[in-house]
Amino acid sequence: MKNLIRNLSLGLAFVVTSAHATVYYVSPTGNDSNNGTTQTTPWKTITRVQQLASTALAGDQVLFQRGGTYVGQLTWYKSGTAAANITIGAYGTGALPVISGATPVTGWTLHSGNIYKATVSQPVQYVFVSGALQTLARYPNTGWSRVNTSNSTSVTSTGITQASGYWNGATMVLRSTNWCYENRVISTHTGTTVNFPALNYAAGNYNWGFFLCNKLAALDSPGEWYHDAATGVLYLWAPTGVNPNTLTVEASIHNYGVFVEWQRTYVKIQDINFKGQRAAGVKVSGSNITVTGCTLEKMYLGIQSYGSNNTYSNNTIRNTYGSGVSILDNNTTVSGSTFTDIALIPGLGESAFGYFGLRVGGGTNTVRGNKVTNT
């Protein structure tokens, strides 16, 4: 009899919890003043969903309409339970809904020649034109200059021909060893020598390649861009030199698509296309988090995880600029996913670590049934 009463109490508790759970809908045609609780009264933006992130209950669901694009970052603060996960997912038919870290850029005006400018006040990591990644202004425009001599804090090269001081504040991308690139901001430039904070691996006299980038003066070719963080101005020489007002231009300004905060638990993220984030499509700092059926592309890292007992399964990770997935977890599983075209662009991946399809650290993690192609 005592066990029966206990079981009835557990069952009642579950019913009460489930009864309080709510499904919220988000649609490109919605309105943030709606209640969001039906498909005919959806919210419109991630900004509105963010208000729920601190008040959601176990079992609640946030569903984005398929076929829509939602720009912004969702930082999640509430936990579900083992019996009632909080779910961030999709509804409707068609393509996966896109949570984009890249915002449209409009209002271009002519700067000089073929270079246009527009205001983007936030730091910019990547620029896309009609979905294609553009090149951060660089020298030489293609290929590499060569190291003549170097140590851990300087490189001398006959490929550096500009007047002293020209490259101050620019970025050097250096093949410092046979397994990695390192990025360093140049502190001073004198003659054929540039100086910078210490490298992890000195290039020595091995004739490794390097290029210099992230300087407005280096913006001299179609498809190049530069962002001046001090003034909040983005400069672009659009492909084929056309006026960028006639194109779809997007700038990556949001660090994450969904960030599950520290020690949060039992959140499920499924059936979302994350695209264009500065740091990662999904960042996890909790436990018992599930990411499944998602596509993560055109960003730094697909998934970045510091937690335990997480499950990352049946995802598509492609065209990331750093490693596809990077986890430092315990008892986490990565399975059934595909990794394609990972970390192929020199200078855009992790400095000094090497560029990996899948980086796993921690203890007793399980990695199985994944397919990695072209890393």
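**Close-up 1. Strand S7 meets strand S24.** Here S7 (residues 102–104) and S24 (residues 249–252) run antiparallel, joined by three bridges. One residue pair to pick out is Pro104, whose bridge partner in S24 is Glu250. Keep in mind for this and every other view that the model is predicted.

**Close-up 2. Strand S10 also pairs with S24.** Strand S10 covers residues 127–129, and its pairing with S24 is antiparallel, again over three bridges. Look for Val129 here: its bridge partner in S24 is Val249. So which residues of S24 have turned up as bridge partners? Glu250 goes with Pro104, and Val249 goes with Val129.

**Close-up 3. A seven-stranded open sheet with parallel pairing.** Reading across the sheet, the strand order is S3-S6-S27-S30-S33-S36-S39. Strand S3 (69–71) and strand S39 (371–373) are at the edges; each has a single partner strand, so one side of each has no neighbour in the sheet. On average, neighbouring strands of this sheet are turned by 15 degrees against each other, with direction ignored.

**Close-up 4. Zooming in on S6 and S27.** These two strands sit next to each other in the order of the open sheet. Three bridges hold the pairing between S6 (residues 98–100) and S27 (residues 273–275), and the two run parallel. Val98 has Asn273 of S27 as its bridge partner.

**Close-up 5. An aromatic cluster with a charge over one ring.** Trp144, Tyr181, Phe211 and Tyr355 are linked into a cluster by ring pairs. Across the structure, the count of aromatic pairs comes to 13. Phe211 has a charged visitor too: the charged end of Arg138 sits over its ring, 3.9 Å from the centre.

**Close-up 6. Another arginine over a ring face.** This time the pair is Arg359 and Phe353. Arg359 lies over the face of the Phe353 ring, at 4.7 Å from the ring centre.

**Close-up 7. Cysteines without a disulfide.** The disulfide tally for the structure is zero. Why does Cys180 have no bond to Cys213? The closest cysteine sulfur to that of Cys180 is the one in Cys213, and at 16 Å it is too far for a bond; the cut-off for a disulfide is 2.5 Å between the sulfur atoms. Buried or exposed, how does Cys180 count? Its relative accessibility is 1%, so Cys180 counts as buried. Cys294 is buried as well, with a relative accessible area of 1%.

Conventions
Residues numbered from 1 in each chain as written. Predicted model: local features only at pLDDT ≥ 70, side-chain atom pairs only at ≥ 80, totals over all residues. Heavy atoms only, no water. Pairing = 2+ DSSP bridges. Helix = DSSP H or I, 4+ residues; strand = E, 2+ residues; numbered from the N terminus. Axes fitted to C-alpha atoms, helices over the stretch in contact; angles between N-to-C directions. Phe/Tyr/Trp six-rings, centres within 6.5 Å; stacked < 30°, edge-to-face > 60°. Lys NZ or Arg CZ within 6 Å of the ring centre and 35° of its normal. Buried < 20%, exposed > 50% of the residue type's maximum accessible area, 1.4 Å probe, protein only.
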